[in-house]
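Dear colleague,

Please find below the structure that I am handing over to you, followed by an account of what was found in it. I would ask you to keep the structure open while you read.

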Amino acid sequence: MSETINILIVGVGGQGIILASKVLANTALAAGLDVKQSEVHGMAQRGGSVSSHVRFGEKVDSPTIERGRADVLLSFELMESLRWVDALKPDGVVIVNTQQIDPMPVASGKAEYPDDVLTKLESHCAALYPVDGRDLAGTAGHIKSVNVVLLGVLSTLLQFNESAWISAIQNQVPKKTIEINNKAFQLGREQRK
């Protein structure tokens, strides 16, 4: 791999975005690549926006992805995808959890949640993979494994060994949840087969 791959992970505080970033970064490290990661989680504890940049390749100089340079936008929430879609390069890919989480202005009735989000996203990317991550996570055994479901989908787009992903997941999640997360990862992978 000679080029740098840029993955932007976005969502709402409490969805496991940082853990997902660490799993991805550790998977890339295990492949012997140079990895840079940065994250922003201002109001994460109160359901605010969270973003994490993960870049990997033979040599990566900066931890942040320039606007319009992301290869993949991995979004944990519909509206967050719209907020970040301009970070994608023209042939970029969006993987989006179809869950809707109303931000405070929407919840208080001061704003409306955007409609037809998937159609809007489709016009800004080369490929769109909508995933009902919450449902799949529930099938795996716990709705908090949405992040691992989405990593399962992402894993089908990247060249890393499946065993490297599983090892990175098992090293990041609590031991008592390993079985659930393994199942969540497989359910995510099956979404693209």
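**Findings**

In helix α6, the buried residues are Val146, Asn147, Val148, Val149, Leu150, Leu151, Gly152, Val153, Leu154 and Ser155. This helix, which spans residues 146-155, is therefore mostly covered, with 10 of its 10 residues buried, where buried means under 20% relative accessible area. Please bear in mind that the model is a predicted one.

Another buried position is found in helix α1, which covers residues 17-30 and includes Thr27. Thr27 has a relative accessibility of 1%, and it counts as buried because the cut-off is under 20%. Thr27 and Phe160 are 133 residues apart along the chain, yet 7.3 Å separates their C-alpha atoms.

The next point concerns the largest pocket, which holds about 270 Å³ of space. It is lined by 13 residues, and those closest to its centre are Lys144, Ser145, Asn147, Pro174 and Asn181. Asn147 is also one of the buried residues of α6. Sorted by class, the pocket lining consists of 8 polar, 4 nonpolar and 1 charged residues.

Finally, how do two of the helices pack, and at what angle? Helix α5 (residues 133-140) packs with helix α8 (residues 178-190) at about 135°, and their axes lie 8 Å apart. Because angles over 145 degrees count as roughly antiparallel and those from 65 to 115 as roughly perpendicular, this angle makes α5 oblique to α8. The crossing of α5 past α8 is right-handed.

With kind regards

Key: Residues are numbered from 1 along each chain as its sequence is written. This is a predicted model: local features need pLDDT of at least 70, side-chain atom pairs count only at pLDDT 80 or more; totals for chains, interfaces and linings use all residues. Side-chain values use heavy atoms; hydrogens and water are left out. Buried means under 20% relative accessible area, exposed over 50%, partly exposed in between (1.4 Å probe, protein chains only). Helices (H or I, at least four residues) and strands (E, at least two) are DSSP runs, numbered from the N terminus. On a 1 Å grid over the protein atoms alone, a cavity is a set of points where a 1.4 Å probe fits but cannot get out, and a pocket is an open set with protein on both sides within 12 Å along at least five of seven lines; lining residues have an atom within 4 Å of a point. Grid points are joined across faces, edges and corners, and a volume is the space filled by probe spheres set on the points. Ala, Val, Leu, Ile, Met, Phe, Trp, Tyr, Cys and Pro count as nonpolar, Asp, Glu, Lys and Arg as charged, and the others, Gly among them, as polar. Axes are lines fitted to C-alpha atoms, for helices over the stretch in contact, and angles run from 0 to 180 degrees between N-to-C directions. Angles under 35 degrees count as roughly parallel, over 145 as roughly antiparallel, 65 to 115 as roughly perpendicular and the rest as oblique. A crossing is left-handed if the near helix is turned anticlockwise from the far one by less than a right angle, and right-handed if clockwise.
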